[in-house]
Amino acid sequence: MSPSTALQALRTGFDFAQDERRGSLNPEIVFFAARADNGVIGVEGGLPWRIPADLKRFKAMTAGLPMIMGRKTFESFPDLLVGRRHIVLTRDADWSRPGAEVADGVTAALSLAGGPVVAVIGGAEIYRLFLPLVHRIELTEVHAAPDGDTHMPDLGAGWRETFREDVAADDKRPAYSFVTLVRA
Ligand SMILES: NC(=O)c1ccc[n+]([C@@H]2O[C@H](COP(=O)([O-])OP(=O)(O)OC[C@H]3O[C@@H](n4cnc5c(N)ncnc54)[C@H](OP(=O)(O)O)[C@@H]3O)[C@@H](O)[C@H]2O)c1
């Protein structure tokens with residue numbers, strides 16, 4: 001194990017050595033997230049905004065990918081998202097829902113997901129858990145400061161922006177930017 005991997009393992013308690021043996025660290029791990037300028041990503045189990053173009057982009061970009069998410073995020077969806085797998089992290093061994101593949105941690109989730117690209121779609125607890133592993137972040141910056149109870153963890157330094165599209169506000173929603181970040 002490299003020193004930086006060992007440090008990540010210490011930080012997260014995640015058994016990288018075991019996972020490297022399984023080869024499940026090979027896929028590209030991509031976050032999909034929408035974050036307000038004040039760091040808010042959620043309120044009362046849902047999203048604090050309604051931005052149809054963001055949902056459309058999210059659906060297009062995750063089509064066909066295995067999606068890893070927290071149990072609370074799964075339960076925030078009105079329905080399953082067609083055409084993609086839902087891998088749900090929970091500590092509750094009795095939890096199950098139609099269409100959900102249950103994982104009890106990072107290793108199990110990645111083993112279920114396979115590759116070559118894995119979408120990690122939140123919420124905050126799950127972003128925090130996968131942050132040491134993520135290669136790319138597809139971020140929607142929502143240029144507003146809504147009230148909320150769920151915040152994106154600090155992404156830290158060492159990211160390089162490779163794409164940005166800025167969209168102006170209209171009378172129904174705030175301005176936002178689609179941004180791609182990769183490890184610098
Ligand atoms: N803006 C965005 O891009 C975005 C994206 C996703 C979600 N959200 C919002 O974020 C909020 C939900 O986020 P959240 O942070 O509260 O919850 P979450 O991350 O969706 O789910 C948390 C749950 O995941 C399970 N979990 C966490 N760590 C685990 C581990 N190490 N092993 C196994 N299971 C684990 C636990 O489930 P159990 O309690 O069942 O054990 C925990 O309660 C909602 O408001 C949602 O709408 C926003």
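This report walks through the fold, the ligand shell, the core and a few unusual backbone spots.

Keep in mind that this is a predicted model, where local features need pLDDT of at least 70, side-chain atom pairs count only at pLDDT 80 or more, and totals for chains, interfaces and linings use all residues. Residues are numbered from 1 along each chain as its sequence is written.

**Confidence and overall fold**

How confident is the predictor? The pLDDT (the predictor's confidence in each residue, from 0 to 100) averages 90 over the chain, and 86% of the residues score at least 70. Residues 1-24 fall below 50, and this stretch has 23 contacts in the model beyond near neighbours in sequence. Two residues are in contact if their C-beta atoms, placed from the backbone, lie within 7 Å.

The chain holds 6 helices and 10 strands. These are DSSP runs numbered from the N terminus: helices are H or I with at least four residues, strands are E with at least two. Among contacts with a separation of 6 or more, 66% are between residues 24 or more positions apart. Out of 184 residues, 28% count as buried. Buried means 20 or more other C-beta atoms within 10 Å of a residue's own, exposed means 12 or fewer, and partly exposed is in between, with C-beta atoms placed from the backbone.

**Around the ligand**

There are 28 residues around the ligand, and Gly42, Gly70, Thr73, Gly122 and Gly123 come nearest. To be near, a residue needs its C-beta atom, placed from the backbone, within 6 Å of the molecule. Strands S1 (28-36), S2 (40-42) and S3 (66-70), along with helices H4 (71-76) and H6 (124-130), each give two or more residues to this shell. By type, the shell splits into 11 nonpolar, 11 polar and 6 charged residues. Here Ala, Val, Leu, Ile, Met, Phe, Trp, Tyr, Cys and Pro count as nonpolar, Asp, Glu, Lys and Arg as charged, and the others, Gly among them, as polar.

**The core and helix H5**

The largest nonpolar core has 38 residues, and those touching the most other members include Val118, Ile68 and Phe130. Such a core is a set of buried Ala, Val, Leu, Ile, Met, Phe, Trp, Tyr and Cys residues joined through C-beta atoms within 7 Å. S1 gives the largest share, 6 residues. Beyond its neighbours within four places in sequence, Val118 has contacts that include Ile29, Ile68, Leu110 and Ala113.

Leu110 and Ala113 are also among the buried residues of H5 (residues 106-113), as are Val106 and Ala109. These buried residues sit on the same side of H5, because they cover an arc of only 95° around the axis, going by the directions from the helix axis to the C-beta atoms.

**Unusual backbone spots**

Most residues other than glycine have a negative phi, and most peptide bonds are trans. Here are some angles to look up:

| Place | Angle |
|---|---|
| Glu44 | phi near 50° |
| Gly114 | phi about 70° |
| Gly115 to Pro116 (cis) | omega near 5° |
| Gly122 to Gly123 (cis) | omega about 0° |

Glu44 lies in the loop between S2 and helix H3 (52-62), and is exposed, with 11 other C-beta atoms within 10 Å. Pro116 is in the loop between H5 and strand S6 (117-120), while Gly123 is in the loop between S6 and H6.

**A tryptophan in a loop**

Where is Trp95? In the loop between strand S4 (85-89) and strand S5 (100-103). Trp95 is partly exposed, with 14 other C-beta atoms within 10 Å. Not counting residues up to four places away in sequence, Trp95 touches Arg71, Thr90 and Val102.
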